[in-house]
Amino acid sequence: MKVCWNLTNLCNENCQYCFRELHEHQLKLRQNLRVIDKLYALGVERITYCGGEPLLYPNLIDLMSYSKYLGITNNLITNGSLLTVENLDKYMPFVDKITFSIDSPSDYVNASMGRGVNHYKHIKELLPIIHRKYPNVAIEINSVVTRESIKEVDYMFESIAEEISFYGIKKWKISRFCPLRGYAKERENLFSLPDQVFQAIKNKYDGQKAMFEISVRDYDDINDNIIISPCAAMKTSHGTEEYTLVDNVLEASEDEIKKVLSLGGYYV
Ligand code: SF4
């Protein structure tokens, strides 16, 4: 069983289409260690740490080292901007898979979407180091495709194939913009992709084998994820709607949590 843990709603970037939680406060370290204990006791084998930007959670390393110590597989989804050549060695020993969010290689496009300048260039500098020093860590790229960024998909493919695929990129996930919550819901009309436009991307890329695997994910593919929110609620989604199944992992009974965990979590 696995969960996707939105540890914090803080982020140092400002993507216009972001669907992070805007209204929940993150928990303290000791509470989150208890969340791990509870998930582990009920059979969770994989945690995907994400956010917001998970590196902004001050005790991310404590949590990842504890879950790793218990034998849980740790995935980390990050925008990459807070990882540096100097601090990689603090995080990477506790990471089994790292996913970088890159929607475009272009500085201009990234800036217009609210991402930091040099976003792609920065990750491109980290990749050879991660690949050389941590060969067992799987590396993936996740791109969100919106009405605004649809033209970037071919450019992204060429950039990954020609510039970074040889640094051990296992998979490129192209995710359809989903107006699930937060800014994404407020700005749905600006970013939503018509079905036929998304389908064309799916037909062109899904399942294609380049030097890396490609997976194109529609709403349904994220629907089975079990999300732990910053304040430890358990949620899932159907289409573009999100549902809270357990208000707080720390207060819920084992049976309640077990029931939710059994619902899915196969696509993170
Ligand atoms: S999409 Fe990711 S990187 Fe962008 S603002 Fe949201 S959490 Fe931050």
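Ala-232 is buried, with 23 other C-beta atoms within 10 Å. The cut-off for that label is 20 or more. This is a predicted model, and Ala-232 is one of its backbone oddities: its phi is positive, about 70 degrees, although the residue is not a glycine. Ala-232 sits in the loop between strand E8 (227-228) and E9.

**Unusual backbone spots**

Most residues other than glycine have a negative phi, and most peptide bonds are trans. Asn-118 also departs from the phi rule, with a positive value near 65 degrees. Its loop runs between helix H4 (107-113) and helix H5 (119-133). Is Asn-118 buried or exposed? Neither label fits: Asn-118 is partly exposed, because 14 other C-beta atoms lie within 10 Å.

| Residue | Phi | Loop |
|---|---|---|
| Asn-118 | near 65 degrees | between H4 (107-113) and H5 (119-133) |
| Ala-232 | about 70 degrees | between E8 (227-228) and E9 |

A peptide bond stands out too. Gly-51 and Gly-52 are joined in the cis form, with omega about 15 degrees. Gly-52 belongs to the loop between strand E2 (46-50) and helix H2 (60-69).

**Around the ligand**

Both of these glycines return in the shell around the ligand, which includes Gly-51, Gly-52 and Glu-53. Cys-11, Glu-13, Asn-14, Cys-15, Cys-18 and Arg-20 also belong to that shell. Asn-79 and Ser-101 complete the list. What is the make-up of the shell in nonpolar, polar and charged residues? It divides into 3 nonpolar, 5 polar and 3 charged.

**The whole chain**

The protein chain has 11 helices and 10 strands. Its C-alpha trace spans about 50 × 40 × 30 Å along the principal axes. A compact globule of 268 residues would have a radius of gyration near 18 Å, and the chain's value of 18 Å agrees. Of the 268 residues, 38% count as buried. Contacts often link distant parts of the sequence. Among contacts with a separation of 6 or more, 73% involve residues 24 or more positions apart.

**The sheet**

Strands of a sheet pair through backbone hydrogen bonds, either parallel or antiparallel. Here, 10 strands form an open sheet with mixed pairing. The order is E7-E6-E5-E4-E3-E2-E1-E8-E9-E10. Strand E7 (213-217) and E10 are the edge strands, since each pairs on one side only.

Strand E1 (residues 2-6) has E2 and E8 as its neighbours in that order. E1 pairs with E2 in the parallel sense over 5 bridges. With E8 the sense is also parallel, over 2 bridges. Cys-4 takes part on both sides: its bridge partner in E2 is Thr-48, and in E8 the partner is Ile-227.

Why is E1 largely enclosed by the rest of the structure? The reason is that 5 of the 5 residues of E1 are buried. Lys-2, Cys-4 and Asn-6 point one way from the strand. Val-3 and Trp-5 point the other way.

**Helix H11**

Helix H11 covers residues 254-261, and its buried residues are Ile-257, Val-260 and Leu-261. Seen down the axis of H11, these buried residues fall within an arc of 100 degrees, so they line one face of the helix. They pack against helix H1 (29-41), strand E9 (234-238) and strand E10 (241-246). E10 thus appears in two roles: it is a packing partner of H11 and an edge strand of the sheet.

Key: Residues numbered from 1 in each chain as written. Predicted model: local features only at pLDDT ≥ 70, side-chain atom pairs only at ≥ 80, totals over all residues. Helix = DSSP H or I, 4+ residues; strand = E, 2+ residues; numbered from the N terminus. Rg over C-alpha atoms; globule rule 2.2 N^0.38 Å. Buried ≥ 20, exposed ≤ 12 C-beta atoms within 10 Å, placed from the backbone. Contact = placed C-beta atoms within 7 Å. Arc of directions from axis to C-beta. Near = placed C-beta within 6 Å. Nonpolar A, V, L, I, M, F, W, Y, C, P; charged D, E, K, R; others polar. Pairing = 2+ DSSP bridges.
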